[in-house]
Amino acid sequence: MEIDGQAGENPDNKPAGQPSEQGRGVMHSWLRDLVVSIVASALIIIFLYQPVRVEGTSMLPVLEDQDRLFINKLAYRVGEIHRGDVVVFLYPHDHEKSYIKRVVAGPGDTLKIDHGQVYVNGAAVKEPYVPKRFADDRSQPEMRVPAHEYFVMGDHRSISSDSRDFGPVNRELIYGKAAFVYWPMDQAGVVR
C-alpha cells in the first residue's frame with residue numbers, strides 16, 4: 001500500500017524511531033518556553049509579588065482567616081509607606097513570623113488612643129475599615145513615633161496583637177504591601 005509516495009520512503013533519511021528535525025525543533029521550543037516561564041515566575045515572586053496566606057482574624061472584615069493574597073514586595077523599595085496601608089512585616093520579637101496590619105502613624109507623628117479613638121498629630125482619625133462591632137476601648141498615652149518606625153494596628157481592634165502590645169515596627173522589617181485577595185473567589189479584589 002502506498003501513501004504519498006513509495007512504500008518505506010523516509011524523507012529525512014533517518015533510521016526509524018529517531019525524531020525528525022521538526023520534532024526536535026518543537027521540543028526545543030517547548031522546553032525554552034517552559035524555562036523562560038519558570039524564570040519569569042521566580043523573578044516576579046522574588047522581586048514583585050508574593051502569595052501569602054492570612055492566619056488569624058485580626059484584620060477582619062478586610063481580610064479573613066485563610067484568605068490568600070498577593071503582596072507587592074516592590075512597593076516600598078521604590079515608594080513610601082503611607083498611613084492606611086495594609087503592610088506585611090516580620091514580627092519584631094521573632095523574625096520567623098510575619099504579621100499583617102494597617103499603618104496608623106508614621107515616623108515623627110504623635111499618636112494617642114483615647115478609649116479606642118485614634119488621634120494622629122492631634123486630629124481624630126476616621127477609620128471606616130474598623131466596624132463598630134470590632135472596636136475596643138483601649139487607651140494609649142500620647143507618644144511620638146520614632147524615626148524609621150511605624151505604628152500598626154489590626155482592623156479587628158478587640159483581638160489584635162499590634163503596636164499597642166509590641167511597639168512601633170522598624171521600617172527594615174516591613175517587606176510588602178497587601179495588594180490583591182485572590183482566594184476565596186467571592187472575596188477577590190484589591191485590599192483597601
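The paragraphs below go through this predicted model, from the whole chain to single residues.

The protein chain has 192 residues, of which 34% count as buried. Its secondary structure comes to 3 helices and 12 strands. The chain exposes about 12100 Å², and carbon and sulfur atoms supply 54% of that area. Among contacts with a separation of 6 or more, 56% are between residues 24 or more positions apart.

The confidence of the prediction varies along the chain. The mean pLDDT is 88, and 87% of the residues reach 70 or more. Residues 1-8 stay under 50, and for this stretch the model has 3 contacts beyond four places in sequence.

One sheet can be followed strand by strand. It is an open sheet of 4 strands in the order β7-β6-β5-β8, with antiparallel pairing. Its edge strands are β7, residues 123-124, and β8, residues 140-144, each of which pairs on one side only. In general, strands of a sheet pair through backbone hydrogen bonds, either parallel or antiparallel. Strand β5, residues 110-114, pairs with β8 in the antiparallel sense over 3 bridges. In one of the pairings between residues, T110 has R144 in β8 as its bridge partner.

Side-chain charges give another set of links. The whole structure holds 9 salt bridges. One of them joins E55 and R53, with N and O 2.6 Å apart. E55 counts as exposed because its relative accessibility is 60%, over the 50% cut-off. R53, at 42% relative accessibility, counts as partly exposed.

A second salt bridge is formed by K177 and D85, whose closest N and O atoms are 3.9 Å apart. K177 lies in strand β11 (residues 174-183) and D85 in the loop between α2 (75-78) and β3 (86-90), so this pair ties together parts that are 92 residues apart in sequence. The two partners differ in exposure: K177 counts as partly exposed at 31% relative accessibility, whereas D85 counts as buried at 10%.

In a third salt bridge, the side chains of R157 and E127 meet at 2.7 Å, N to O. This pair also links distant parts of the chain, with R157 in the loop between β9 (149-153) and α3 (163-166) and E127 in the loop between β7 and β8, 30 residues apart. Both R157 and E127 are buried. Elsewhere, D136, D162 and R164 are joined into one network by salt bridges that share partners.

Two buried residues show how strands meet their surroundings. N72 is found in strand β2, residues 68-72. Its relative accessible area is 17%, so N72 is buried. The side chain of N72 reaches the backbone nitrogen of L74 at 2.9 Å, and that of A75 at 2.9 Å. Beyond its neighbours within four places in sequence, N72 is in contact with L48, Y49, Y175, G176, K177 and A179. K177 in this list is also the salt-bridge partner of D85.

The other residue, M153, sits in strand β9. At 1% relative accessibility, M153 counts as buried. M153 and V104 are 49 residues apart in sequence, while their C-alpha atoms are 6.6 Å apart in space. Leaving out residues up to four places away in sequence, M153 touches M59, K101, R102, V104, I113, V118, S160, D162 and R164. D162 and R164 in this list belong to the salt-bridge network with D136.

Some details of the backbone remain. Most residues other than glycine have a negative phi, and most peptide bonds are trans. The peptide bond from L60 to P61 is cis, with omega near 0°, and P61 is found in the loop between β1 (49-53) and β2. The bond from W183 to P184 is cis as well, with omega near 5°. P184 lies in the loop between β11 and β12, the latter at residues 189-190.

Two residues have a positive phi although neither is a glycine: Q66, at about 75°, and N121, at about 55°. Q66 is in the loop between β1 and β2, and with a relative accessible area of 35% Q66 is partly exposed. N121 lies in the loop between β6 (117-120) and β7, and at 45% relative accessibility N121 counts as partly exposed.

Definitions and conventions:
Residues numbered from 1 in each chain as written. Predicted model: local features only at pLDDT ≥ 70, side-chain atom pairs only at ≥ 80, totals over all residues. Heavy atoms only, no water. Pairing = 2+ DSSP bridges. pLDDT = per-residue confidence, 0-100. Contact = heavy atoms within 4.5 Å. Salt bridge = Lys/Arg side-chain N within 4 Å of Asp/Glu carboxyl O. Buried < 20%, exposed > 50% of the residue type's maximum accessible area, 1.4 Å probe, protein only. Polar contact = N/O pair within 3.5 Å; in protein donor to acceptor, adjacent residues only side chain to side chain. Areas by Shrake-Rupley, 256 points an atom, 1.4 Å probe, with all protein chains shown as cover.
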